[in-house]
Amino acid sequence: KWIFQHADLIISTNKLVKKYICKSYDIKNNKVEILPNSIDTNLFSPQMANKEYDIIYVGRLHKEKNLILLKSAIDLMKIPLNILIIGDGNYEILKMIKNTKIHYIKHIQYLNNKDIPLYLNKAKLFVLPSLYEGNPKTLLEAMACGLPVIGNNAPGISDVIIHGKNGLLINNDANELKETIELILNNKKSSDTLGKNAREYIIENISIGKIISQEVKLINNLFSN
């Protein structure tokens, strides 16, 4: 609280966090600026790779990530899928996901960030079923790699995904997620368009160069006042 109240400027990654800071710590609205996470679009970029995985998820294995929704959706599907889960956390959740008779689930506990683009490019689709997020870096990185993305219609995710334009949103419903996964996997034209638009969104809005320029501008404004 003391730090927030004595700071000259506070940077938040989204409007929900900004609202929370202002309300919780009695901070004036104009003291908090929104600046999303930046993405290195040279590192996270489309690459030629065999599509070994139908679905990829990158993130912590925790309750709020809502992986039970993904599990419920794939349980409704009759065609076997190859799914890659990258992340550490609650291994009871991982055990639950891997309890399937028809799907192949591969788990990688940890990867260096520079190695993640390789695996993203090996997947056909990125899914983020979280109940809430801040400004989800893994989603942004997947979009920068040109993947079609599906996200839960939740805070943080819905700030990034423009439904039907640069990705698809679902309303925390397993059957809706199942149908949306099938829509992308069975329609290459739609998949390619969503992926292309996703990368363009990242380049135009949150490439590392653009965010650094905005940071410099905010700092210069501080010194000029």
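This is a conversation between a biologist and a modeller about a predicted model.

Biologist: Let's start with helix H7. How do you know that its length fits a helix?

Modeller: H7 runs over residues 174-185, twelve in number. From its first C-alpha to its last it reaches 16 Å, close to the 16 Å expected at 1.5 Å a residue.

Biologist: Which residues of H7 are buried, and what puts them on the same side?

Modeller: The buried ones are Ala174, Leu177, Lys178, Thr180, Ile181 and Ile184. They cover an arc of only 165 degrees around the axis, and therefore sit on the same side of H7. As a general point, an α-helix has 3.6 residues a turn, so residues three or four places apart point the same way.

Biologist: What do the buried residues of H7 pack against?

Modeller: Their partners include strand S3 (55-58), helix H3 (67-75) and helix H8 (188-206). Strands S6 (126-128), S7 (149-152) and S8 (168-170) are packed against as well.

Biologist: What makes the contact of Asp173 at the start of H7 a polar one?

Modeller: A side-chain oxygen of Asp173 reaches to within 3.2 Å of the backbone nitrogen of Asn175. The cut-off for such a pair of N or O atoms is 3.5 Å, so this pair counts as a polar contact.

Biologist: Just before that, in the loop between S8 and H7, there is Asn172. Why is Asn172 called partly exposed?

Modeller: Its relative accessible area is 42%. Buried means under 20% and exposed means over 50%, so Asn172 falls in between. Its phi is also positive, near 50 degrees, in a residue other than glycine.

Biologist: What is notable about a positive phi outside glycine?

Modeller: Most residues other than glycine have a negative phi. Asp26 is another residue with a positive value, about 55 degrees, although it is not a glycine. Asp26 lies in the loop between helix H2 (15-25) and strand S2 (32-34).

Biologist: Is Asp26 buried or exposed, and how do you know?

Modeller: Exposed: its relative accessibility is 68%, and the cut-off is over 50%.

Biologist: On to H8. How do you know that its span agrees with its number of residues?

Modeller: H8 has 19 residues, which should span 27 Å at 1.5 Å a residue. Its end C-alpha atoms are 26 Å apart, so the two values agree.

Biologist: What caps the N-terminal end of H8, and what do its buried residues pack against?

Modeller: Asn187 is the cap, with a side-chain oxygen 3.3 Å from the backbone nitrogen of Lys189. The buried residues of H8, among them Leu194, Gly195 and Ile202, pack against helix H6 (137-144), S8, H7 and helix H9 (208-224).

Biologist: Which helix supplies the largest share of the lining of the largest pocket?

Modeller: That is H8, with six residues. The largest pocket has a volume of about 420 Å³. Its lining has 19 residues, and the closest to its centre are Lys51, Gly146, Pro148, Ser191 and Asp192. H7 and H8 each supply at least two residues of this lining.

Biologist: Why is Lys71 called buried?

Modeller: Lys71 has a relative accessible area of 8%, and buried means under 20%, so the name applies. Its place is in helix H3. A polar atom of its side chain lies 2.4 Å from the backbone oxygen of Asn99. Lys71 also touches Met96, Ile97, Asn99 and Thr100, not counting residues up to four places away in sequence.

Biologist: Ile97 is also one of the buried residues of helix H4 (residues 91-98). What makes the buried residues of H4 line one face?

Modeller: The buried residues are Ile93, Leu94 and Ile97. Seen down the axis of H4, they fall within an arc of 100 degrees, so they line one face of the helix. They pack against H3 and strand S5 (104-108). The face turned away from this buried side carries the exposed residues Glu92 and Lys95.

Biologist: One last residue: why is Ile85 called buried?

Modeller: Its relative accessible area is 0%, and the cut-off is under 20%, so Ile85 is buried. Ile85 lies in strand S4 (residues 82-86). Leaving aside neighbours within four places in sequence, Ile85 is in contact with Tyr57, Leu61, Ile105, Lys106, His107 and Ile108.

Conventions:
Residues are numbered from 1 along each chain as its sequence is written. This is a predicted model: local features need pLDDT of at least 70, side-chain atom pairs count only at pLDDT 80 or more; totals for chains, interfaces and linings use all residues. Side-chain values use heavy atoms; hydrogens and water are left out. Helices (H or I, at least four residues) and strands (E, at least two) are DSSP runs, numbered from the N terminus. The expected span of a helix is 1.5 Å times one less than its number of residues. Buried means under 20% relative accessible area, exposed over 50%, partly exposed in between (1.4 Å probe, protein chains only). The arc is that of the directions from the helix axis to the C-beta atoms. Contact means heavy atoms within 4.5 Å. A polar contact is a pair of N or O atoms within 3.5 Å; within protein, one must be able to donate a hydrogen and the other to accept it, and residues adjacent in sequence count only if both atoms are side-chain atoms. On a 1 Å grid over the protein atoms alone, a cavity is a set of points where a 1.4 Å probe fits but cannot get out, and a pocket is an open set with protein on both sides within 12 Å along at least five of seven lines; lining residues have an atom within 4 Å of a point. Grid points are joined across faces, edges and corners, and a volume is the space filled by probe spheres set on the points.
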